[in-house]
Each structure stands twice: as structure tokens, then as C-alpha cells.
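This report looks at how side chains in one protein chain meet each other. Please keep the structure in view while reading.

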Amino acid sequence: MSRNVTWIAEATIKPGKREEFEAVRNDLVAATSQEEGALNYEWYICEEGKEVYIYERYADFDAAVTHLKTFGAHAHRFTAAADFTVLTVLTDRPDDLREHLAGINTAFRVPWGGFKK
């Protein structure tokens with residue numbers, strides 16, 4: 001299976017906080033784009049404009065941890081503007097990430113079949 005670590009973060013923008021959330025999004029996208037191991041960092045929003053989904057894929061465990069440090073520098077602003085719902089993590093190393101994601105509502109999913117080209 002892949003060495004990549006992938007996750008999907010879900011959040012709901014707080015009423016009246018759209019501009020603040022867009023500002024932290026822009027800062028996170030800029031910072032994450034400088035991370036060597038960040039392969040995908042894609043933000044999606046529902047048509048109603050409240051629920052946000054962030055698809056993230058990192059080259060490996062170390063790259064994922066590097067991103068968590070980047071996010072940590074912006075976490076206060078993120079949570080001031082949005083309620084974090086869940087982080088669904090797709091990895092074959094869930095135990096290694098648990099300590100790094102403590103305090104976050106996290107759902108781990110481990111490989112169960114398939115292929116990678």
C-alpha cells in the first residue's frame with residue numbers, strides 16, 4: 001500500500017466568520033504549499049457555503065507531522081472562525097499519529113485492500 005498519509009478534515013464555518021475563515025484558509029494554503037512533502041491540499045465548500053472539506057495528502061508520516069506543525073501556528077484562528085467536526089485519517093500507521101492528533105475528533109481508517117498505480 002501507499003506510504004502516503006491522507007486525511008479529510010471537516011469543519012463548519014461559524015455565523016458571521018466567513019471572512020476570517022477565508023483569511024486563515026489563504027494563509028494555510030500559502031504555508032502548506034511550501035511544505036516539501038505536501039502532495040495535495042484541496043479545500044471544498046458545500047453549496048450553502050457553511051461546511052468545509054479539506055482533502056490533504058502527504059508523501060509520508062514525516063510530511064504529515066510537518067504539516068501538523070504548520071497547522072498549529074494557525075489553529076487558534078481556524079477554530080475561532082469554524083467548528084472542527086472530524087478528521088478522517090487514511091494511513092497504515094494510526095498509532096504513530098494518535099499522539100500528534102490528541103484532542104482532535106479523529107477517525108482512523110487503515111488499508112483493507114485495493115491497489116496503487
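Arg77 is partly exposed, with 33% relative accessible area. The model is a predicted one, and its Arg77 side chain forms a salt bridge with that of Asp27, at 2.9 Å from N to O. Arg77 belongs to helix α3 (residues 75-81) and Asp27 to helix α1 (residues 18-32), so this pair ties together parts that are 50 residues apart in sequence. Asp27 has a relative accessibility of 34%, and because exposed would need over 50% and buried under 20%, Asp27 counts as partly exposed.

**Salt bridges**

Side chains of opposite charge can pair when their charged atoms come close. How many salt bridges does a search of the whole structure find? The search finds six, among them the pair of Arg77 and Asp27. The table lists this pair and two others.

| Arg | Asp | N to O distance |
|---|---|---|
| Arg77 | Asp27 | 2.9 Å |
| Arg93 | Asp96 | 2.5 Å |
| Arg98 | Asp95 | 2.9 Å |

In the pair of Arg93 and Asp96, Arg93 is partly exposed at 37% relative accessibility. Asp96 is also partly exposed, with a relative accessible area of 32%.

Arg98 and Asp95 both belong to helix α4 (residues 94-98). They are three residues apart there, which is about one turn of the helix. Is each of these two residues buried or exposed? Arg98 has 41% relative accessibility and counts as partly exposed, whereas Asp95 is exposed at 57%.

**Charges over rings**

Two of the arginines in the table also sit over aromatic rings. The charged end of Arg93 lies over the ring of Phe61, at 4.2 Å from the ring centre. Arg93 therefore appears in two kinds of pairing: over the ring of Phe61, and in a salt bridge with Asp96. Arg98 is placed over the face of Phe108, 4.6 Å from the centre of that ring, and has its salt bridge with Asp95.

**Aromatic rings**

Rings can also pair with rings, and the structure holds six aromatic pairs. In one of them, the ring centres of Tyr41 and Trp43 are 6.0 Å apart and the planes stand at 80°, so the pair is edge-to-face. The reasoning rests on a cut-off: planes over 60 degrees apart count as edge-to-face. Tyr41 is buried, with 16% relative accessibility, and Trp43 is buried as well, with 17%.

Which residues do ring pairs link into a cluster? The cluster is made of Phe21, Tyr41, Trp43, Phe71 and Phe78.

Another tyrosine, Tyr44, belongs to strand β2 (residues 38-45). At 46% relative accessibility, Tyr44 counts as partly exposed. Together with Ile8 and Tyr53, Tyr44 forms a nonpolar patch on the surface. The accessible area of these three residues together is about 260 Å².

**Contacts between parts distant in sequence**

Leu101 is in the loop between α4 and β5. Its relative accessible area is 3%, so Leu101 is buried. Not counting residues up to four places away in sequence, Leu101 touches Leu68, Leu87, Val89, Thr106 and Phe108. Phe108 is also the residue whose ring has Arg98 over its face. The C-alpha atoms of Leu101 and Val65 are 9.5 Å apart, while along the chain these residues are separated by 36 residues.

Thr106, which touches Leu101, is in strand β5 (residues 106-109). With neighbours within four places in sequence left aside, Thr106 is in contact with Leu87, Val89 and Leu101. Leu87 and Val89 are also in the contact list of Leu101. Thr106 and Arg57 are 49 residues apart along the chain, and their C-alpha atoms are 16 Å apart.

Glu35 is in another loop, the one between α1 and β2. Is Glu35 buried or exposed? With a relative accessible area of 10%, Glu35 is buried. Leaving aside neighbours within four places in sequence, Glu35 is in contact with Tyr58, Ala63, Thr66, His67 and Thr70. Of these, Ala63 is 28 residues from Glu35 along the chain, and the C-alpha atoms of the two are separated by 7.7 Å.

Conventions:
Residues are numbered from 1 along each chain as its sequence is written. This is a predicted model: local features need pLDDT of at least 70, side-chain atom pairs count only at pLDDT 80 or more; totals for chains, interfaces and linings use all residues. Side-chain values use heavy atoms; hydrogens and water are left out. Rings of Phe, Tyr and Trp (its six-membered ring) pair if their centres lie within 6.5 Å; planes under 30 degrees apart count as stacked, over 60 as edge-to-face and the rest as tilted. Buried means under 20% relative accessible area, exposed over 50%, partly exposed in between (1.4 Å probe, protein chains only). A charge sits over a ring if NZ of Lys or CZ of Arg is within 6 Å of the ring centre and within 35 degrees of the ring normal. Patches are made of residues with over 30% relative accessible area and no salt bridge: like charges are joined within 9 Å, nonpolar side chains (Val, Leu, Ile, Met, Phe, Trp, Tyr) within 5 Å. Accessible areas come from the Shrake-Rupley method with a 1.4 Å probe; for residues, only the protein chains shown count as cover. A salt bridge is a side-chain nitrogen of Lys or Arg within 4 Å of a carboxyl oxygen of Asp or Glu. Helices (H or I, at least four residues) and strands (E, at least two) are DSSP runs, numbered from the N terminus. Contact means heavy atoms within 4.5 Å.
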